[in-house]
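Me: I have a model open and would like a close look at a single part of it, set in the context of the whole chain. Could you walk me through one strand and its surroundings?

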Amino acid sequence: MTSDFADSARFVGDIPRYYDRCLGPVLFRPYAEDMARRVVLRAPRTVLELAAGTGIVTRLLRDRLHRSAELTATDLNADMLEIAREKFEPDERVRFETADATALPFRDRSFDCVVCQFGLMFFPDKAAALREARRVLKPHGRLLFNVWDGPRYNSFARIGLEVVDQFFPYDAPKFLQTPFSWPDIDPIKAALIEAGFGQLAIYVLPRVHDIGDTQDFARGLVFGSPLIVQIRERERVAADSVVEALAQALAAEFGSPAKLPMQAILFDAARG
């Protein structure tokens, strides 16, 4: 069996399409709007996006950056980038490249801005990723990234973990821990300073999103993430049963239609 740790960053097969359709509008698009606004205010001419996924931030950046700005979107998973490419016309000024954020294939001092939405938590060597981001930034360039706050502030994650534990009391899949595994501000601040960043700005960003279809959102949490791989590997429980139980638990806690509270933390740092 493949380890859950190894699975946690594998968004392959049908996962990217469920991720984009079921989770994108609820979890990622609103924070992408915030991220794109912050990046565009700095008027960068060269932008690198790490862990670009299905291009939710990428699309907003391309719409709002100056037409002459160069945008490069990278992700470790080629299947995610295939969905992202579908959102662009061939003549739009965006380049897609499969790349490991801990060993970037770009020259030193190549970009004015490096952007990463909800990706740092998945990097096995976060210190290396921060060093690489600094390396490819121009002097005084900016790194902007956000992470999910802990399950205390993202109750849908807590509910997901509880439901999965009910189906797998002895060897529960652990994927839903990963996106919420780096919520503490002080260690992230220390890691940024250690990597050579300064002029830090940190923002806590709570929000509430209306969900009309909790079933669809629950399906995204299961089928739109490596959780589906971990469930299928155990060969004991039908994934649709987990979706149904998760949808019921979400509706019981947040109502139907649901008002879903969530919270992210954004870091904005300058290359020292």
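Reply: Happy to: what follows looks at strand 4, then moves outward through its partners to the rest of the chain.

Please keep in mind that this is a predicted model. Strand 4 covers residues 111–117, and 6 of its 7 residues are buried, so "mostly covered" is a fair description under a cut-off of 20% relative accessible area.

Now for the partners. Strand 1 (residues 46–50) runs parallel to strand 4 and is joined to it by 4 bridges. Strand 5 (residues 137–148) also pairs with strand 4 in the parallel sense, over 6 bridges. Valine 114 is a handy landmark here: leucine 48 stands opposite valine 114 of strand 4, and valine 114 in turn stands opposite leucine 143 in strand 5. If you follow the chain from strand 4 to strand 5, you pass through helix 5 (residues 126–136), and the three elements make a right-handed β-α-β unit.

Going on from strand 5, you meet strand 7 (residues 258–271), which pairs with strand 5 in the antiparallel sense over 7 bridges. Phenylalanine 145 stands opposite phenylalanine 267 in strand 7. Strand 7 has 12 of its 14 residues buried, so the rest of the structure largely encloses it. Strand 7 also pairs with strand 6 (residues 197–211), again antiparallel, over 13 bridges. There, isoleucine 211 stands opposite alanine 258 of strand 7.

Phenylalanine 145 turns up again in the largest nonpolar core, which has 96 residues; Leu27, Phe145, Trp148, Phe217 and Val222 touch the most other members. Helix 2 (residues 15–41) gives this core its largest share, 11 residues. Leucine 27 shows how distant parts of the sequence meet: leaving aside neighbours within four places in sequence, leucine 27 is in contact with Phe118, Trp148, Phe156, Phe217, Leu260 and Met262. In soluble globular proteins, nonpolar side chains tend to be buried together.

Stepping back, the protein chain has 10 helices and 7 strands. Its radius of gyration is 18 Å, close to the 19 Å that the globule rule gives for 272 residues, so the chain is as compact as a globular protein of that length. The C-alpha trace spans about 50 × 40 × 35 Å along its principal axes, and 55% of the 272 residues count as buried. Among contacts with a separation of 6 or more, 82% join residues 24 or more positions apart.

Note on methods. Residues numbered from 1 in each chain as written. Predicted model: local features only at pLDDT ≥ 70, side-chain atom pairs only at ≥ 80, totals over all residues. Heavy atoms only, no water. Buried < 20%, exposed > 50% of the residue type's maximum accessible area, 1.4 Å probe, protein only. Helix = DSSP H or I, 4+ residues; strand = E, 2+ residues; numbered from the N terminus. Pairing = 2+ DSSP bridges. Right-handed = clockwise from strand over helix to strand, strands pointing away. Rg over C-alpha atoms; globule rule 2.2 N^0.38 Å. Contact = heavy atoms within 4.5 Å. Core = buried A, V, L, I, M, F, W, Y, C linked by side-chain atoms within 4.5 Å.
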